[in-house]
Structures are given as C-alpha cells and as structure tokens.
Amino acid sequence: MGKNGSFCFDNETNVEVPIRNVIHRVLASEEYYNGHGSPGLAFIAYPEAVLMMPLPQLWAVCFFLMMFILGMGSQFGGIEAINTAIIDRWPHLRKHKWRVTAGTCLFCFVAALPMVCNGGVYMFTLMEWHTASWAILLLGFAEIVIISWVYGIDRAFSNLTDMGIKFNRVMRGYWWVVWTIVTPIGSIGIFIFTMTDIKGTEYRDYVFPVWADVMGWMFGSATLLPFPIYIVFRYLQDKLTLKEFFQPSRKWGPQETTSLQDERRASSLSSMSAILKTNGIGASEFI
C-alpha cells in the first residue's frame with residue numbers, strides 16, 4: 001500500500017491504481033443503480049470497478065466465480081423446495097427424484113427464457129418489484145408462524161433431535177427466541193415499512209404504466225392465493241372450525257421411512273431389554 005493511497009506491487013510489476021478512483025467509481029455506480037432499481041449493480045458497476053484494479057483478469061475470474069457459487073447456492077434451495085413439495089404430494093415419485101429434479105429445472109429454464117429477450121429486464125423488474133418484496137415477507141411470516149406456533153416449537157425441536165441435530169441449552173434458547181418472537185415480529189415490521197414506502201414500478205427513468213403495475217400485483221398475489229383457496233376448500237370439504245384450522249393433524253409431521261421405523265423399534269426393544277435385566281426379569285419370562 002503506497003503513501004498516495006494506491007495499490008503497489010514490487011518494482012518488477014510496478015502496478016499502481018489509485019484506490020480513491022476505484023472507490024468513487026463503485027460508490028457512484030452503486031448510488032445510480034440502486035436509485036434506479038436496476039439489477040446492473042452486480043453485472044455492470046462492480047465489473048467496471050474490477051477492471052480498474054491490478055491484475056483485472058484474476059479479480060474478474062474470482063468475482064464471477066463468486067457470483068456463480070452464490071447463484072448455485074440460491075438455486076439449490078429453491079429447486080429443493082419445489083421438489084420436496086411435489087414428492088410429498090405424490091410419494092411414489094420418491095424413487096424417481098432425479099427425474100423430478102430434471103423436470104423442475106427444465107420448467108424453470110423455459111419459464112425464464114422471456115427474461116433474456118429484449119424486454120426481459122422490464123419483466124424481471126416487474127416481477128421482482130412485487131414478489132421479492134412484500135409477497136416474500138408474508139410467505140416467510142406464514143412459514144415461521146406455522147412451524148413455531150401452529151405445529152409447535154417443541155415438536156419441531158423434537159423432530160430435529162430425531163434427525164440427529166442436537167442443541168445445547170444455550171442454542172436451544174437462542175433459536176426458540178429467534179423462531180417464535182424475533183423473526184415473526186421482524187417480518188411483520190419490515191412488511192409494514194415496505195407497504196408504507198411502496199410506489200409504482202420503475203426501471204431507471206421508465207415508469208411502468210398502470211396496467212403493468214396491476215399485472216405485477218397479480219404476480220405477487222398469485223403466490224399468496226393458495227392460502228385462502230385451501231382454507232375455503234377444507235372448510236367446504238371437512239367443515240372445520242376456526243380452532244381446528246390452526247391445529248396440526250396426526251398425519252402432519254416428518255415422514256418416517258421403513259428403515260427409521262425399524263431403527264426406532266430396535267432401540268425401544270433394546271431399552272426394554274436393559275430395564276428387564278436390571279430388574280432381574282428375563283425376556284422369555286416377560287413374554
């Protein structure tokens with residue numbers, strides 16, 4: 001690091017780039033792209049800053065490798081959530097999970113093709129504006145409340161213990177507070193703040209027309225419609241009361257495979273045999 005605030009290597013390379021130029025360029029680009037709601041921050045602003053650094057080829061490879069790993073990690077979670085819902089609904093597909101995964105990936109690929117067309121950035125902005133903001137907050141709130149308050153946080157901890165995930169007293173208390181109090185309140189607080197500050201969809205200097213904004217609201221609402229639709233369906237089918245709507249059924253919980261059931265049975269028999277031996281009773285006498 002040189003005295004003039006630049007990157008310095010040895011005398012053989014003699015590469016110097018003013019840090020202030022890189023920082024000013026990044027901040028200016030970030031302010032522009034954030035202020036105009038553009039997704040170009042990661043693909044335009046930062047790459048331009050990388051080109052101003054020493055050994056730009058090396059930093060460019062590292063940057064896009066990081067972006068690739070970040071994207072793959074996000075896709076793994078999203079694809080697995082869809083696959084789990086499909087397999088839980090049709091358990092006979094569990095033996096063909098790779099086919100389900102391939103079908104999900106193919107569907108997502110085809111559905112995303114309009115995003116790479118000439119007007120794709122406008123469709124992307126419209127969907128992101130209405131699905132990655134208020135709608136996803138309500139989905140997250142519903143998920144955490146269902147697990148923590150409807151299903152029961154103690155049952156959830158018991159299921160995690162069955163899966164071999166153990167918590168000490170400190171970690172159990174920490175996650176109890178986070179899942180039952182902090183996350184629900186935080187999600188609702190952010191949702192209220194988002195709704196009070198929400199405005200019409202725009203991309204840079206282009207303001208979307210009213211009909212496009214309505215379509216965006218329909219995109220966001222489509223992710224929430226299954227909740228009221230299923231409530232009405234269950235009410236008409238089973239005539240459930242309001243209290244029964246917020247109580248888990250006996251079938252709701254982790255699905256045990258045959259091997260896990262056999263393991264539980266063997267563990268129970270082993271424990272019973274140990275108790276009988278302690279009391280001086282043989283297994284044959286007990287039977």
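**Helix H5, its partner H6, and an annotated site in H3**

At 1.5 Å a residue, the twelve residues of H5 should span 16 Å, and the end C-alpha atoms of H5 are indeed 16 Å apart, so the two values agree. The model is a predicted one. The points below cover the packing of H5 against H6, the buried residues of H5, and two positions annotated in UniProt.

**Packing of H5 and H6**

- Helix H5 covers residues 120-131 and helix H6 covers residues 134-162; their axes come within 4 Å and cross at roughly 40 degrees.
- An angle from 35 to under 65 degrees falls outside the roughly parallel and roughly perpendicular ranges, and H5 and H6 are therefore oblique to each other.
- On the H5 side the contact is made by Trp129, His130 and Thr131, which meet Trp134, Ala135 and Ile136 of H6.
- By class, this contact has four nonpolar residues, two polar residues and no charged residues.

**Buried residues of H5**

- Gly120, Thr125, Leu126, Trp129 and His130 are buried in H5.
- Trp129 and His130 are thus listed both as buried and as meeting H6.
- The cover over the buried residues of H5 includes H6, strand S3 (202-203) and helix H8 (210-222).

**Annotated positions in H3**

- An unreviewed UniProt entry carries the annotation "binding site" for Leu70 and Ser74.
- Leu70 lies in helix H3, which runs over residues 56-89, and Ser74 is also found in H3.
- Leu70 has a relative accessible area of 53%, which is over the 50% cut-off, so Leu70 counts as exposed.

Conventions
Residues are numbered from 1 along each chain as its sequence is written. This is a predicted model: local features need pLDDT of at least 70, side-chain atom pairs count only at pLDDT 80 or more; totals for chains, interfaces and linings use all residues. Side-chain values use heavy atoms; hydrogens and water are left out. Axes are lines fitted to C-alpha atoms, for helices over the stretch in contact, and angles run from 0 to 180 degrees between N-to-C directions. Angles under 35 degrees count as roughly parallel, over 145 as roughly antiparallel, 65 to 115 as roughly perpendicular and the rest as oblique. Contact means heavy atoms within 4.5 Å. Ala, Val, Leu, Ile, Met, Phe, Trp, Tyr, Cys and Pro count as nonpolar, Asp, Glu, Lys and Arg as charged, and the others, Gly among them, as polar. The expected span of a helix is 1.5 Å times one less than its number of residues. Buried means under 20% relative accessible area, exposed over 50%, partly exposed in between (1.4 Å probe, protein chains only). UniProt positions are given in the numbering used here, feature names are shortened, and annotations may be inferred rather than shown by experiment.
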